[in-house]
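Okay, thanks everyone, let's get going. I'll put the structure up and then walk you through the charged pairs and the contact between two domains.

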Amino acid sequence: MSDGVLLTGGAGVLFAVLAAVALASAIAVVVARSPVHSALFLLLSFVLVAAIFILQQAEFVGAVQMLVYAGGIMVLFLFVVMLVNPGVTRSEKSFQHQWDVAVVLLPIFLLPFLYILGTEKLPDVPVKAEAFRMVGTRVVGNTEAVSWVLFRDYLVPFEVASVFLLVAMIGAVVLGKRSLEKMD
Amino acid sequence: MTFAFHASDWLLLAPELFLTAMGLLLLGLSVALGKTKEDFLAFLATVSVGITGALVAFVATRPERATPILGGAFVVDNFALFFKALVLLSLALTVLASARYVGAAPYPGGEYYALLLFSGVGMLFMASGNNLISIYVALELMALSSYVLAGYFKAEPKSTEAALKYFILGAFSSGVLLYGLSLVYGAGGVMGLPELAKLLASASRSNLLMLGILLILAGLLFKIAAVPFHVWTPDVYEGSPTPVTAFFSVGPKVAAYAILARIFYVAFAKFHADWGFVVALVSAATMVLGNVAALLQSNVKRMLAYSSIANAGYALLGVLGFRTEWGLWGILIYLLAYTFMNFGAFTLIILLESKGYAGESVSDFNGLAKRSMPAAVVMLLFLLSLAGIPPTAGFIGKYYLFTAAMKAGYAWLAILAVVMSAVSLFYYFRIAAAMFFTEGSPAKLKSSYALSAVIAVCAVGTLVIGVVPQPFLEVLKSCVLGR
């Protein structure tokens, strides 16, 4: 690792371990045969990513990751797993019949990426985490720094995102609802 | 970064805020009014788009719009205003063209119009977006509304198939775009396009940056349906409700060109030599594949889908021309012409569609001249314009695009474009021949006031821009982005 990277020493080792396990469990989500195992691996990967955020001194983002992803979204997944009866989907192989194509294409795209990301000298990241929590000339807490960015710098994109979520909700209702005649 | 909100910033956002509010109002009203009063909802949606247009005109008169607003997240320059006007035009035409079609279908109209307006909000923000975050969020708002609209006729398997394909491929392309944006952000550390341009002016060419630019380009080429990211287009265009198809072929594409132009003209102009090569190849492949595949289609919606792919190839010539302001100028002219002629052609399909998906094959155009001479003549006008024959708007648009390519040093591509335009004559004239020289059903053609109005607006636009282009050219020249 070059100079100027945020995590060095023990923290760096911890990061490497957390990141490796998070990646491995993310792959396990896709590979696992049982949906219940997939869901549990997903939970593990969410928790580990939250830990990485906290390691980077982004406590607020870490807490949100735990509450929203490991909490809320996970419950949603578990409901789906309960409702669709995992035993039926266990033997499904419909998504695995293009292995040969994937094996050929993956290196073609992956190797240039790895080459570029490996050889590139990345811009210097400030060693002090405080630099990310500067508002004006003041160093504030992580939560406050996030709120400054969210509700000041990117207020309107944030609001546009709320319209986006509304559209997602309307879309789910419109497409998911049974037609009017059938309900009568 | 110094940061300040001004009260006037919100005034400049009036069109977007108003359209959002009207979308919410329509949603509420549709619950109260139900299916029987849908014509009123269509009327209200048309009026709100009209008022939004008036607000855009009002914003154009404000002196405050000279500087970026809301901490640099948005900018309201002439370029943005032109695209807002064009987006609102396509939105108004879509609402009018939908009224009878959606009214006759067993699906709720309120949510349909609300989703159209919300996607309009996304497109208005796209036209103004001045940093990577605001551009991305606006693009996603537009795209998500589009996915739902594509699948709106959910009892039709084709419509559901269209929505699913559009959603999966669209989400994938958004991921590619987002990855590119994150790499560029990682290389530069700034989000704003002007800041990025300033930073890149002194930066050397790095692989990381090139990879980021390439991925952003791929994500945006998907949105404008350029080869090799075009595979979704024929299926989505064929399966979606026809007014929605007409909308997809103009509105979202126009808005995607707005951000393509803004990102590549403002921020990445310095690396033109690097991405220009890729765009030239994509443009050539898009023109050839779009036109050749269109020759083989018997479904008019699919044919027009491939024709719009070919048109994306022509418009990319303008992107190549970004070295001079001719490129951007050509794109603006072409998109204006394209909105009128393409929407007009799709409206004729809506007119012919009696029930379900009937009226979509070339043979349904048989004998149209006998059934209604004006309809046949107007369709011929749109087809001539799409093929780029003078004196129509399509000719003016292509002329400026091809000139831009010549000036940027891509003469071979301009020649290829002319050859491919000649190829396109074959399939456009298949429809023309069916209309005038073949016997068809004698059934009388029934139009509605709204549909007739849409066709009239499109026909007048196509013809006027073609015959007296000068005033339009002058106005559009003032809308070119300042570097």
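So, when I say salt bridge today, I mean a side-chain nitrogen of Lys or Arg within 4 Å of a carboxyl oxygen of Asp or Glu. Please keep in mind that what you're looking at is a predicted model.

With that cut-off, take B:Arg302 and B:Asp235: their side chains meet at 3.1 Å, N to O, so the pair counts as a salt bridge. Over all chains, the structure holds 10 salt bridges.

Let's look at the domains in chain B. The domain assignment gives domain 1, which is 10-160 + 227-260, and domain 2, which is 284-483. Their C-alpha centres lie 22 Å apart. On the contact itself, domain 1 of chain B puts in 38 residues and domain 2 of chain B puts in 44 residues. Between them the two domains bury about 3,600 Å², and 72% of that is on carbon and sulfur atoms.

What about polar pairing there? Between domain 1 and domain 2 of chain B, the count is 2 salt bridges. Across that interface there are also 12 residue pairs in polar contact, with both residues at pLDDT 80 or more. On the domain 1 side, the elements giving two or more residues are α4 (78-104), α7 (157-188), α10 (232-239) and α11 (242-267) of chain B. Which one gives the largest share of that side? That's α4(B), with 13 residues. And if you sort the domain 1 side by type, you get 20 nonpolar, 11 polar and 7 charged residues.

Now some individual pairs, still in chain B. B:Lys84 forms a salt bridge with B:Glu16, and the closest N and O atoms are 2.4 Å apart. This one links distant parts of the chain: B:Lys84 is in helix α4 and B:Glu16 is in helix α2 (residues 14-33), 68 residues apart. Are these two buried or exposed? B:Lys84 has 2% relative accessibility, so it counts as buried, and B:Glu16 is buried at 0%.

Next, B:Arg262 and B:Asp77, with closest N and O atoms 3.2 Å apart. B:Arg262 lies in helix α11 and B:Asp77 in the loop between α3 (38-60) and α4 of chain B, so this salt bridge ties together parts 185 residues apart in sequence. B:Arg262 is buried, with a relative accessible area of 3%, whereas B:Asp77 counts as partly exposed at 21%.

Then there's B:Lys158 with B:Glu238, at 3.5 Å, N to O. Here B:Lys158 sits in helix α7 and B:Glu238 in helix α10 of chain B, so the pair joins parts that are 80 residues apart in sequence. B:Lys158 is partly exposed at 29%, while B:Glu238 counts as buried at 15%. And this pair has company: salt bridges that share partners join B:Lys158, B:Glu161, B:Lys165, B:Asp235, B:Glu238 and B:Arg302 into one network. You'll recognise B:Arg302 and B:Asp235 from the pair I opened with.

Last stop, a quick look at chain A. A:Val29 is in helix α1 (residues 9-31). Leaving out residues up to four places away in sequence, A:Val29 touches A:Ser38, A:Phe41 and A:Leu42. For scale, the C-alpha atoms of A:Val29 and A:Val140 are separated by 37 Å, and those two residues are 111 residues apart along the chain.

That's my tour, thanks for listening.

Note on methods: Residues numbered from 1 in each chain as written. Chains lettered and ligands numbered in written order. Predicted model: local features only at pLDDT ≥ 70, side-chain atom pairs only at ≥ 80, totals over all residues. Heavy atoms only, no water. Helix = DSSP H or I, 4+ residues; strand = E, 2+ residues; numbered from the N terminus. Contact = heavy atoms within 4.5 Å. Domains from an automatic or database assignment. Buried area = accessible area lost by both parts, 1.4 Å probe. Polar contact = N/O pair within 3.5 Å; in protein donor to acceptor, adjacent residues only side chain to side chain. Nonpolar A, V, L, I, M, F, W, Y, C, P; charged D, E, K, R; others polar. Buried < 20%, exposed > 50% of the residue type's maximum accessible area, 1.4 Å probe, protein only.
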